[in-house]
Amino acid sequence: MTMHTRSLGTTGPQVSALGLGCMGMTALYGDADPSESIATVHAALEAGVTLLDTGDFYGMGSNELLIGEALRTAPPARREQALTSVKFGALRDPAGNWTGYDGRPAAVKNFAAYSLQRLGVDHIDVYRLARLDPAVPIEETVGAVAELVEQGYVRHIGLSEVGADTIRRAAATAPITDLQIEYSLISRGIERAVLPTTRELGIAITAYGVLSRGLISGHFTADRQLPATDFRAHAPRFQGENLRHNLDLVEELRKIAEHKGVSVAQIAIAWVLAQGRDIVPLVGARTRERLAESLGALDVTLDVADLAAIERAVPATAAAGDRYPAAQMAHLEP
């Protein structure tokens, strides 16, 4: 395995070709083992992964605390190579419900203060609003992050799950490094307007959900029972006929993977890697075993014939069901 690097846009840092999405280590996918999660972060750093992605609302701050512990206990050289990507602004209540988003400048700085403390760092490498706050112009939110950049608390400004118009307005306010947004074989909406816009403006994509929350990993089965605390128990793509249809797509993808001698997950990640050097996939591995499988995608080369076969097996609009339940889809820009 060779860990190549990619640039986060024209204004951002060099990062590893794959990043580690840490959300599932404490939140939204059922129980996780903290010691295995920390060991997975250490294994990722040892393998050359540099980008660690989290959100201050993942596990009500516990995800940042876990990453902070992993960084504190990592060898100094590995700790120094780590770059933190943090989302802020999502509001929760004690029961875990989502209650909105807060992009006010004062709130931005408050969120940042808590994140710096929980992570145990003196700066955040990429800082981004998790979802657009409809009550606050994006210029005000980005302007507040830009002030944090000037003060040395943040290195780069990112965006998350916004549309082309918002991207342009944000970029006119301050340099934007990257847009974090879902992108996978079965989530290709960004290809219409978002990806052309980011490429025009020199903004990178950090792609989350590259395995569609495990749906196209090759490991998910129709009879799997999910606890109510698992996001997928309520996600449309994991329900009933939608799930059966989507798993049929996975079986078509499996045929191509087996022909190449790789796993379904590896070919799905390799497909995202093949879409451009301005795209950095985030892999949501919670164990060292799954991390090792994901990293194996770096050794998978897809030629023109492979890409055409994948397109035939999983066409762009083939997935059944929305990415999120209706209430959460309402917060996403087209």
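Student: Is the crossing in which α4 passes α5 left-handed or right-handed?
Tutor: The model under discussion is predicted. In this model, the two partners are helix α4, residues 105-119, and helix α5, residues 138-150. The crossing in which α4 passes α5 is right-handed.

Student: How are α4 and α5 oriented towards each other: roughly parallel, roughly antiparallel, roughly perpendicular or oblique?
Tutor: Two packed helices are described by the angle between their axes and the distance between the axes. For α4 and α5, the axes lie 8 Å apart and the packing angle is about 45°. Because roughly parallel requires an angle under 35 degrees and roughly perpendicular one of 65 to 115, the orientation of α4 to α5 is oblique.

Student: How many residues of the contact between α4 and α5 are nonpolar, polar and charged?
Tutor: On the side of α4, the contact involves P105, V108, K109 and A112. These meet E140, T141, A144, V145, E147 and L148 of α5. By class, the residues of this contact number six nonpolar, one polar and three charged.

Student: What is the orientation of α2 and α4 to each other?
Tutor: Helix α2 spans residues 62-73, and its axis comes within 7 Å of that of α4. The two axes cross at roughly 40°. This angle is not under 35 degrees and does not reach 65, so by these cut-offs the relation of α2 to α4 is oblique.

Student: How many nonpolar, polar and charged residues does the contact of α2 with α4 have?
Tutor: Helix α2 supplies E64, L65, I67 and G68 to the contact. From α4 come S115, R118 and L119. Sorted by class, the contact of α2 with α4 has three nonpolar, two polar and two charged residues.

Student: How do α8 and α11 run relative to each other: roughly parallel or roughly antiparallel?
Tutor: Helix α8 covers residues 240-260 and helix α11 covers residues 304-313, with their axes 9 Å apart. The packing angle is about 160°. Since angles over 145 degrees count as roughly antiparallel, the arrangement of α8 and α11 is roughly antiparallel.

Student: Which residues of α11 make the contact with α8?
Tutor: The crossing of α8 past α11 is right-handed. From α8, the contact draws on L249, E252, L253, I256 and K260. Their partners in α11 are D306, A309, I310 and A313.

Student: Which residues touch the most other members of the largest nonpolar core?
Tutor: This core contains 94 residues. Helix α9, residues 264-273, gives the most to this core, with nine residues. Judged by contacts with other members, the leading residues are L20, Y127 and L159.

Student: Where in the chain does E161 lie, and is E161 buried or exposed?
Tutor: E161 has a positive phi, near 50°, although it is a residue other than glycine. Its place is in the loop between β9 (154-160) and α6 (164-173). Its relative accessible area is 1%, and because the limit for burial is under 20%, E161 is buried.

Student: What is the relative accessible area of S212?
Tutor: S212 lies in the loop between β11 (204-208) and α8. Its phi is also positive, near 50°, in a residue other than glycine. S212 counts as buried, with a relative accessible area of 2%.

Student: Which residues does S37 touch, beyond those up to four places away in sequence?
Tutor: S37 is part of helix α1, residues 34-46. It is buried, at 0% relative accessibility. Beyond its sequence neighbours, S37 touches M25, A32, L66 and R286.

Student: How far apart in space are L45 and A204, C-alpha to C-alpha?
Tutor: L45 belongs to helix α1 and is buried, with a relative accessible area of 1%. Its contacts beyond four places in sequence are L52, L71, A74, R78, Q81 and A82. In sequence, L45 and A204 are 159 residues apart, and their C-alpha separation in space is 22 Å.

Student: What distance separates the C-alpha atoms of V126 and A204?
Tutor: V126 sits in strand β8, residues 124-129, and is buried at a relative accessible area of 1%. Residues more than four places away that V126 touches include L8, T84, H156 and D178. V126 and A204 are 78 residues apart along the chain, and their C-alpha atoms are separated by 12 Å.

Conventions. Residues numbered from 1 in each chain as written. Predicted model: local features only at pLDDT ≥ 70, side-chain atom pairs only at ≥ 80, totals over all residues. Heavy atoms only, no water. Axes fitted to C-alpha atoms, helices over the stretch in contact; angles between N-to-C directions. Helix = DSSP H or I, 4+ residues; strand = E, 2+ residues; numbered from the N terminus. Left-handed = near helix turned anticlockwise from the far one by under 90°. Contact = heavy atoms within 4.5 Å. Nonpolar A, V, L, I, M, F, W, Y, C, P; charged D, E, K, R; others polar. Buried < 20%, exposed > 50% of the residue type's maximum accessible area, 1.4 Å probe, protein only. Core = buried A, V, L, I, M, F, W, Y, C linked by side-chain atoms within 4.5 Å.
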